[in-house]
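Hi,

Here is the structure I promised to pass on. Have a look at it first, and then read my notes below.

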Amino acid sequence: QVQLVESGGGLVQPGGSLRLSCAASGFPLDYYAIGWFRQAPGKEREGVSCISRSDGNTYYTDSVKGRFTISRDNAKNTVYLQMNSLKPEDTAVYYCAADLTRAPLFRLCVPKWGYDYWGQGTQVTVSS
């Protein structure tokens, strides 16, 4: 069964950290560019961070630069999003997506890109 499964979300206080995981099954994740997206209540889904399929290039939206880090562990068929110094405005459902593409990251790190696979999402709530 081909699927992406996110995990690691939860409730954290402002300034805290979480590490999200995006685990793939049924296909080799190292052949795919991966994007992390988020959607807050009443807002459109937005691109958070993306990592290329081969050279490890990364992209971050301005609001998370210096706080979030995307990485991949091909041996575990998993991509991670380490989130530090979390803020209440980071509260959202976080999704990962995979696409067999070599497109520049600034082009594919948007929700309207035609990703091959999407996960079901994991809730991140930043609140005191």
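Before the fold, a word on terms: helices (at least four residues) and strands (at least two) are DSSP runs, numbered from the N terminus. Please keep in mind that this is a predicted model.

With that settled, the protein chain has one helix and eleven strands. Going along the sequence, the order is β-β-β-β-β-β-β-β-β-α-β-β.

How does the radius of gyration of the protein chain sit with that of a compact globule? For 128 residues such a globule would come out near 14 Å, and the protein chain has 13 Å, so the two agree. Its C-alpha trace spans about 40 × 25 × 25 Å along the principal axes. Of the 128 residues, 45% are buried. If you take the contacts between residues at least 6 apart in sequence, 61% of them join residues at least 24 apart.

On the outside, the protein chain has an accessible surface of about 6400 Å², and carbon and sulfur atoms account for 47% of that. As for charge, there are 13 positive and 11 negative side chains, with the centres of the two sets 2 Å apart.

Now the disulfides. Counting a pair of cysteine sulfur atoms within 2.5 Å as a disulfide, I get two disulfides. With bonded cysteines counted along the chain, they follow the pattern 1-3, 2-4.

Cys22 is bonded to Cys96, with 2.1 Å from S to S. Cys22 sits in strand E3 (residues 18-25) and Cys96 in strand E9 (residues 92-99), so this disulfide ties together parts of the chain that are 74 residues apart in sequence. The torsion about the S-S bond of Cys22 and Cys96 is about 75°, so this one is right-handed. Are these two cysteines buried or exposed? Both Cys22 and Cys96 are buried.

The other disulfide joins Cys50 to Cys109, again with 2.1 Å from S to S. This pair also links distant parts of the chain, 59 residues apart: Cys50 is in strand E5 (residues 46-51), while Cys109 is in the loop between helix H1 (105-108) and strand E10 (117-118). Here the torsion about the S-S bond is about 95°, so the disulfide of Cys50 and Cys109 is right-handed. Cys50 has a relative accessible area of 0%, so it is buried. Cys109 comes to 5% relative accessibility and therefore counts as buried.

Two more residues are worth a look while you have the model open. Asp99 is in strand E9, and with 6% relative accessibility it counts as buried. Which residues does Asp99 touch, leaving aside its neighbours within four places in sequence? The answer is Tyr32, Ala33, Trp113, Gly114, Tyr115 and Asp116. Asp99 is also 11 Å from Cys50, C-alpha to C-alpha, with their positions 49 residues apart in sequence.

Then there is Asn74, in the loop between strand E7 (68-73) and strand E8 (78-83). Its relative accessibility is 40%, so Asn74 counts as partly exposed. Asn74 and Ala103 are 29 residues apart in sequence, and in space their C-alpha atoms are 20 Å apart.

That's what I have for now. Happy to go through it with you.

Cheers

Conventions:
Residues numbered from 1 in each chain as written. Predicted model: local features only at pLDDT ≥ 70, side-chain atom pairs only at ≥ 80, totals over all residues. Heavy atoms only, no water. Buried < 20%, exposed > 50% of the residue type's maximum accessible area, 1.4 Å probe, protein only. Rg over C-alpha atoms; globule rule 2.2 N^0.38 Å. Contact = heavy atoms within 4.5 Å. Areas by Shrake-Rupley, 256 points an atom, 1.4 Å probe, with all protein chains shown as cover. Lys, Arg positive; Asp, Glu negative; His and termini not counted. Charge placed at Lys NZ, Arg CZ, Asp CG, Glu CD.
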